Amino acid sequence: MCISIREAEILFDQKKYYECISVCNQLLVQNPKSIDVLRLMSRCMLVMKRVEEARLYLMKALKIEESNYEVLNELGYIYQITKDLKSAKRYFEKSNFYKEDYLPALINLGNLVSIGGDLKKATSIFNKVIELDPKIIPSRLTLSKLYCQLGELDKAELLTRGSLEISPDEYQLNFHFSSILVEQGKFKEAEFYLKKTINIDLNVVDAYSLLGFVYKELGQYQQSEKMLRKAIIIDPTYGLNYSNLGCTLRELGKFDEAKSLLSKAKDIGINTHCK
């Protein structure tokens with residue numbers, strides 16, 4: 001009976017990994033140099049947490065075709081998850097050497113460079129990613145965050161406005177954009193996007209926290225109290241909420257509770273100086 005790699009792929013998609021391996025082994029008997037089958041075997045081993053075996057199957061594939069950019073990228077990923085970041089970087093770079101516009105390797109390399117602390121180089125890589133495909137929202141978000149880390153808030157704002165035109169209902173984008181606006185002191189516009197974030201996902205504690213802070217800065221203390229209390233209900237471990245709520249309650253004349261909350265914030269490690 002003739003079998004095909006498509007049968008193995010279907011088994012993989014159904015999470016029938018042992019059956020998938022069995023079919024792959026039969027396929028490798030027919031053609032030991034099938035790179036696609038070796039890659040699929042590697043994927044099976046990886047999801048089964050047999051990482052070294054996954055690496056060895058990719059090394060076999062690489063011996064067959066040393067310039068296979070997909071295999072190189074997958075090897076880089078295996079080295080990354082095993083914390084061998086130097087080797088991971090080398091394989092991601094090799095992948096892009098053989099195919100400059102291969103986005104998975106570019107994105108992996110950019111993330112790795114960012115983790116290593118070279119923010120300017122990471123920014124350059126993600127700019128290239130977006131040039132190749134302007135609609136990759138996760139990469140646009142990563143680039144915007146890199147701009148923020150570099151203190152280039154105007155670039156971050158412009159990029160994220162564009163991202164929101166592409167994907168207006170992505171809660172991470174809306175929250176991130178709100179954070180940029182808060183850093184710029186644009187509290188009224190930040191209020192709009194924080195409300196939008198909460199409408200998209202009612203359980204985003206950071207959105208309630210930041211909106212509570214925004215209302216405090218705008219002098220809307222009752223609204224600030226409401227948002228901060230919601231944030232504390234969702235996550236009672238975040239000390240800054242107790243600090244902001246304490247300051248808000250002082251403005252509302254609720255001095256006893258304010259004192260208690262500020263003391264609690266201090267115990268958590270937040271030193272508060274209310275305006």
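**Helix 10 and the cysteines of the predicted model**

In this predicted model, helix 10 comprises the 14 residues 153-166, which at 1.5 Å a residue should span 20 Å, and its end C-alpha atoms are indeed 20 Å apart, in agreement with that expectation. The residues of helix 10 that are buried are Ala 156, Glu 157, Leu 159, Thr 160, Gly 162, Ser 163 and Leu 164. An α-helix has 3.6 residues a turn, so residues three or four places apart point the same way. The cover over the buried residues of helix 10 includes helix 8 (119-132) and helix 9 (137-149), together with helix 11 (171-183) and helix 12 (187-200).

A search of the whole structure for disulfides finds one, and this link is formed by Cys 247 and Cys 274, whose sulfur atoms lie 2.0 Å apart. The pair links distant parts of the chain, since Cys 247 belongs to helix 15 (residues 239-251), whereas Cys 274 lies in the segment after helix 16 (255-268), 27 residues apart from its partner. The link between Cys 247 and Cys 274 is left-handed, with -80° about the S-S bond. Cys 247 counts as buried, at 8% relative accessibility, while Cys 274 is partly exposed, with a relative accessible area of 22%.

Cys 20, by contrast, is in no disulfide, and the nearest cysteine sulfur, which belongs to Cys 44, is 3.3 Å away; because a disulfide requires sulfur atoms within 2.5 Å, this pair does not count as one. Cys 20 is buried, its relative accessible area being 0%, whereas Cys 148 is partly exposed, with a relative accessible area of 26%.

Methods: Residues are numbered from 1 along each chain as its sequence is written. This is a predicted model: local features need pLDDT of at least 70, side-chain atom pairs count only at pLDDT 80 or more; totals for chains, interfaces and linings use all residues. Side-chain values use heavy atoms; hydrogens and water are left out. Helices (H or I, at least four residues) and strands (E, at least two) are DSSP runs, numbered from the N terminus. Buried means under 20% relative accessible area, exposed over 50%, partly exposed in between (1.4 Å probe, protein chains only). The expected span of a helix is 1.5 Å times one less than its number of residues. Contact means heavy atoms within 4.5 Å.
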